[in-house]
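Good morning, colleagues. Please look at the sequence and the structure on the screen, and I shall then take you through some of the details.

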Amino acid sequence: MTIVGIGKTLGIAFLVACTTVGNAHGLETGDHSDHALFDHALHEKFECAGCHNFAVDPKTRKAIPNEKIRDTIFRKPLKEICHECHRSAEVRYEAAPKTCYTCHRNVESLNTIKPENHRNIGWRGSHSTEARIAGDTCMNCHMTAQCVKCHTQRNDISLRNHTRNFRMYHSVQARLQPHRCEACHTQSYCANCHLGGRP
Amino acid sequence: MARENKTTRENKTTRESKTAAFTIFVSLVGLQTLLASSSCVAGLLRMESETLSSLREGDDLELEFPNYEFLGANYLSDASELEINADIGVFGDPRRGRSDFNLYLLDLTYIAVPDRVVISAGRKFDVRHSVRSTTLDTVAADFWLLEKQARIGTYYGKERRIELNRSSPSAEIMGVYAQYRSSSVVPLFARGRFQYRKYPNTPDRPQYVAQISLEKTLSGKWSPELLLDSELNLDTGRLNRLEAGSDFYPTTDTSFRTRALTYDAAPEDGIEHPIFSIFSLGRLYEASAQIEHRFSPRFTGSASLGYDNYVLQLPDSRQDGIRIEADLKWAMRYWSTLTSFYLLNSFGGNVYGGRLQFGHRLNDHLDLTSGAELTYYEKITSSRRSAISSNAALNFRFLNRFRFSAGGEFNSSNIVRHDWRAVGRLVYLLWAES
């Protein structure tokens, strides 16, 4: 209990300190809009015409009509202008960060770009195939601590993976799909209960 | 005397573990705070702390008070050249005098040569290198090729299986992989892995495993996504796993998923004997399908069907089973419900159940959640019983980053007739950038 108590107290204190200290050093923790974060200063080294329908006169620094204007800019949704660089495999764009949370810097913004298959009710129980094949693609939005939360962490309070009744009928489920338990459990977990321990 | 010495050693080990846990806990939080606040390492810090507490009676009808603290964090610099992951879990029950600590993640990834070479080290839950996602204490190097469309890598380390109240067993593991993603709106993704693993209890029989995976999205009607994953044990010639599947999207409101799988595992596979080998002595075959349709923006329905067949006893006694599930999800602006029905049939018996989850948003800072489940089961042991579980909680959101839940549960089963529990949960979620 002592380690938990000290840990919790210090943990919360440090986390709040992250906010306070970070604010003192320019760390933003305030509200974000649902749109992606955009740093114009960072992008000023590129041609204005890459995103805008004008060019900049190098002498007067004023906006002028762009002879090389690409009419495709007018037809593209805003996100496609960003994605042209940040989701492209072309070599000229290889330096542009590709992970989604580079720009989608809060949970609300990230939720708006959730892939279609994530909206399935059954996605949580059926994401294993995609994760096994292309698991690092998941890391564009997720952090591995989120994998650990379901697959590795153990607690008998939250009902994250199994309901409370599952304990009563898990023998039927285990004899139905004996291969599925191994996604998270080992025999030690079974032995812990079945040989007199705690769940 | 021997027992006293063993107890003394265990107490000393526990104290040393707690000291190490405390040190690591303080160090990693401090390190990430410094990194996040340093102007020379601009980036994104994501951190989640979850504290769980419950007051209840255990199976022996004695009061227990388990407490858990889970802290996970990820730091990524703006140019993605540096990434740090950390995750720990701490458990304590003052009523029972129990405690535990687990280090789930502590790894660092660094782009040594921009757009070319990545090195990483530490304890990670690996989804890229190893044949199956697992916890590794590892060092790895990855290389980008072909304008970053291809990636190859190699790794070496110890595979861990973190379980309750035991020192983590391990297996020596190393391997290589290669992956390729075509540059297309409908890309082809291909991956191959080779892995060598040596278990401490069978050092003379190392295991060699190869995996080949493919994923291809096709354009056109129904936008099908095709998946193929195979895993082969090279030293025994056994096909561990072969899975093929497809996802179809006939309309923007409908999705249809199919999977076919064959699976086999021997008792000597894995650091511990696989759970699979307890129930099956041979190859398993599985077929499943799921369909989901959004009837309206607020109402979604889903149904799934699965069939499994495996070897119960050698030489050829097989058993099969089915699983049927249906879900209805209704989400309004301030109300939401999820209703589920399930039916399981296997060699172990039959299960029939229903579940209802309910949510009500009272205001911007307060919402109410509740749920109930009724299950009736008939086991092969001739046991025929029912079980009820229910829960309710008030959830408070405050200071923009905190979420506190206070609630209770009532459960009834043949183990405990009246199981009352008080439950508390505090979550702190930080997304901070510099």
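**An exposed isoleucine and the aromatic pairs**

I begin with B:Ile212, which counts as exposed because its relative accessibility is 55%, and exposed here requires over 50%. Please bear in mind throughout that this is a predicted model. B:Ile212 belongs to strand β11 of chain B, which covers residues 202-217. Leaving aside residues up to four places away in sequence, B:Ile212 is in contact with B:Arg191, B:Gly192, B:Leu228, B:Asp229 and B:Ser230. Its C-alpha atom is also 7.6 Å from that of B:Ala190, although 22 residues separate the two along the chain.

I turn now to the aromatic residues. How many aromatic pairs does a search of the whole structure find? Over all chains, the search gives 16. In one of these, the ring centres of B:Phe410 and B:Trp420 are 4.5 Å apart and the planes meet at 45 degrees, so this pair is classed as tilted. The two residues are 10 apart in sequence and the pair links distant parts of the chain, with B:Phe410 in strand β22 (residues 402-412) and B:Trp420 in strand β23 (residues 419-433), both of chain B.

Are these two partners buried or exposed? B:Phe410 counts as partly exposed because its relative accessibility is 22%, whereas B:Trp420, at 59%, counts as exposed.

Ring pairs also join A:Phe166, A:Tyr169 and B:Tyr342 in a cluster.

Finally, there is a charge over a ring: B:Lys148 lies over the face of B:Trp144, 4.3 Å from the ring centre.

Conventions:
Residues numbered from 1 in each chain as written. Chains lettered and ligands numbered in written order. Predicted model: local features only at pLDDT ≥ 70, side-chain atom pairs only at ≥ 80, totals over all residues. Heavy atoms only, no water. Helix = DSSP H or I, 4+ residues; strand = E, 2+ residues; numbered from the N terminus. Buried < 20%, exposed > 50% of the residue type's maximum accessible area, 1.4 Å probe, protein only. Contact = heavy atoms within 4.5 Å. Phe/Tyr/Trp six-rings, centres within 6.5 Å; stacked < 30°, edge-to-face > 60°. Lys NZ or Arg CZ within 6 Å of the ring centre and 35° of its normal.
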